[in-house]
Amino acid sequence: MSEQQLLHGRRIVVTGAGAGLGATYARTIAAEGAAVVVNDLNPDAAERVAAQIRDLGGQAVAVAADVADWEASAQLIDTCFEQFGSIDGLVNNAGIIGQVGSMLDTDAAKAEAAFRVNVQGTIAPSVHAARAMVTRGGGAIVNVSSGNQCGHLGFATYGASKGAVSSLTYAWAAELGPKGVRVNAISPNAHTKMIDDLTAQLGENPEERDYPSESDNAAVVVFLLSDRSAHLNGQVIRVDKNLVSVTSHPVVVEPRVSIDYSPVNVAAVFDAELRDSLQPVGISIAAVKHVEPLY
């Protein structure tokens, strides 16, 4: 290992790392000098990735665990301590698309599963990891959001779960940043098995485009775990083909109009002063000008 590696000597847990983007994250993180705990529900898949890392001279152990389970997540983080002595980073990659299609056809079990895996599966390992990171005085958490949080036709439940992940990112960053723990997120894009499964389910890929590679996404994850991103906290970084950008936080839009509240007066305001403040529906691109927060 070389001290020029961005993650030299770090100890990092990657969830959902048995295949796809998670596996690429784990291998790339290890190549940058970190010891990696490779997590997946599938023990064989997790061990396969961990073995690949070890075969290349890296340090890795596999842990099969359901990250949406509180105690299993605690054991996952404990394993990083047991095997490598501490924890410096966590990548909350585990996730599922779940329900796709019309909201009128929503399946209760699929909707519940999406929130269990994507939201609870981010909360549980993060809480255990953050407690340890605050105690040791620093660390980095990288969550996985999605552009679907903006409202993508046919992906309402999935998008809502990823919107929750973004909200967790903002709130945790505000709390943990002053304690030395940075929390950011990636909004990734790649043609993975998840996309192939989606295509098989729908008969077509509604998001077909020229995808960035898995290694393109992994480069952003490594950056967010490293000291090179020390000035970033509470950010969601969007990855597109040959493009990188920042996703905006929800904001209160100017102007704020003085009003004596009544239904008629509210209607009048939206007929006049606030007519041009209405926001586009769906994924859009906007220019952002920084202003002082209201509170």
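This report describes the fold, the nonpolar cores, two helix packings and several individual residues of a predicted model.

**Overall architecture**

The chain comprises eight helices and eight strands. Of its 295 residues, 46% are buried. Among contacts with a separation of 6 or more, 68% join residues that lie 24 or more positions apart.

**Nonpolar cores**

In soluble globular proteins, nonpolar side chains tend to be buried together. In this model the largest nonpolar core contains 33 residues. Val14, Tyr25, Ile29, Val38, Val91 and Leu225 have the most contacts inside that core. Two or more residues each are contributed by strand 1 (11-14), helix 1 (20-31), strand 2 (35-40), helix 2 (43-55), strand 5 (139-144), helix 7 (214-225) and strand 7 (236-240). Apart from this core lies another, with 26 residues, including Val63, Ile77, Met133 and Leu168.

Leu225 illustrates how the largest core brings together separate parts of the sequence. Beyond its neighbours within four places in sequence, Leu225 contacts Leu7, Arg10, Ile12, Ile29, Gly89, Leu90, Val91, Ala140, Val142 and Arg182. Two of these partners, Ile29 and Val91, are themselves listed with Leu225 among the residues with the most contacts inside the core.

Val63, a member of the other core, lies in strand 3 (residues 60-64). Its relative accessible area is 12%, which is under the 20% limit, so Val63 is buried. Not counting residues up to four places away in sequence, Val63 touches Val37, Val38, Asn39, Asp40, Leu76 and Thr79. One of these partners, Val38, has been named above for its contacts inside the largest core. The C-alpha atoms of Val63 and Ala50 are 9.4 Å apart in space, with the two residues 13 apart in sequence.

**Helix packing**

Two helix pairs may be set side by side.

| Helix pair | Axis separation | Crossing angle |
|---|---|---|
| Helix 4 and helix 5 | within 9 Å | roughly 15° |
| Helix 1 and helix 7 | 9 Å | about 55° |

With a crossing angle of roughly 15°, helix 4 (residues 108-136) and helix 5 (residues 156-176) fall under the 35 degrees cut-off, so helix 4 is roughly parallel to helix 5. The crossing of this pair is right-handed. On the helix 4 side, the contact consists of Ala111, Ala114, Phe115, Asn118, Val119, Thr122, Ile123, Ser126, Ala130 and Val134. These meet Thr157, Tyr158, Ala160, Ser161, Lys162, Ala164, Val165, Leu168, Trp172 and Leu176 of helix 5. By class, the residues of this contact are 14 nonpolar, five polar and one charged. Leu168, one of the helix 5 residues in the contact, also belongs to the core of 26 residues.

Helix 1 and helix 7 pack at an angle of about 55°, and helix 1 is therefore oblique to helix 7. Their crossing is likewise described as right-handed. Helix 1 supplies Gly20, Leu21, Thr24, Tyr25, Thr28 and Ile29 to the contact, and helix 7 supplies Glu214, Ser215, Asn217, Ala218, Val221, Val222 and Leu225. The contact is made up of seven nonpolar, five polar and one charged residues. Tyr25, Ile29 and Leu225 take part in this contact, and these three are among the residues with the most contacts inside the largest core.

**Loops and backbone features**

Directly after Leu225 in sequence comes Ser226, placed in the loop between helix 7 and strand 7. Ser226 has 0% relative accessibility and therefore counts as buried. Its contacts beyond four places in sequence are Leu6, Leu7, Arg10 and Arg182. Of these, Leu7, Arg10 and Arg182 also appear among the contacts of Leu225.

Most residues other than glycine have a negative phi, and most peptide bonds are trans. Two sites in the model depart from these tendencies. Asn242 has a positive phi of about 60° although it is not a glycine, and it is located in the loop between strand 7 and strand 8. Asn242 counts as exposed because its relative accessibility is 69%. The peptide bond from Glu254 to Pro255 is cis, with omega near 5°. Pro255 belongs to the loop between strand 8 (243-247) and helix 8 (263-271).

Arg275 is situated in the segment after helix 8. Its relative accessibility of 48% makes Arg275 partly exposed. Leaving aside neighbours within four places in sequence, Arg275 contacts Val269 and Phe270.

Conventions
Residues numbered from 1 in each chain as written. Predicted model: local features only at pLDDT ≥ 70, side-chain atom pairs only at ≥ 80, totals over all residues. Heavy atoms only, no water. Core = buried A, V, L, I, M, F, W, Y, C linked by side-chain atoms within 4.5 Å. Buried < 20%, exposed > 50% of the residue type's maximum accessible area, 1.4 Å probe, protein only. Helix = DSSP H or I, 4+ residues; strand = E, 2+ residues; numbered from the N terminus. Contact = heavy atoms within 4.5 Å. Axes fitted to C-alpha atoms, helices over the stretch in contact; angles between N-to-C directions. Parallel < 35°, antiparallel > 145°, perpendicular 65-115°, else oblique. Left-handed = near helix turned anticlockwise from the far one by under 90°. Nonpolar A, V, L, I, M, F, W, Y, C, P; charged D, E, K, R; others polar.
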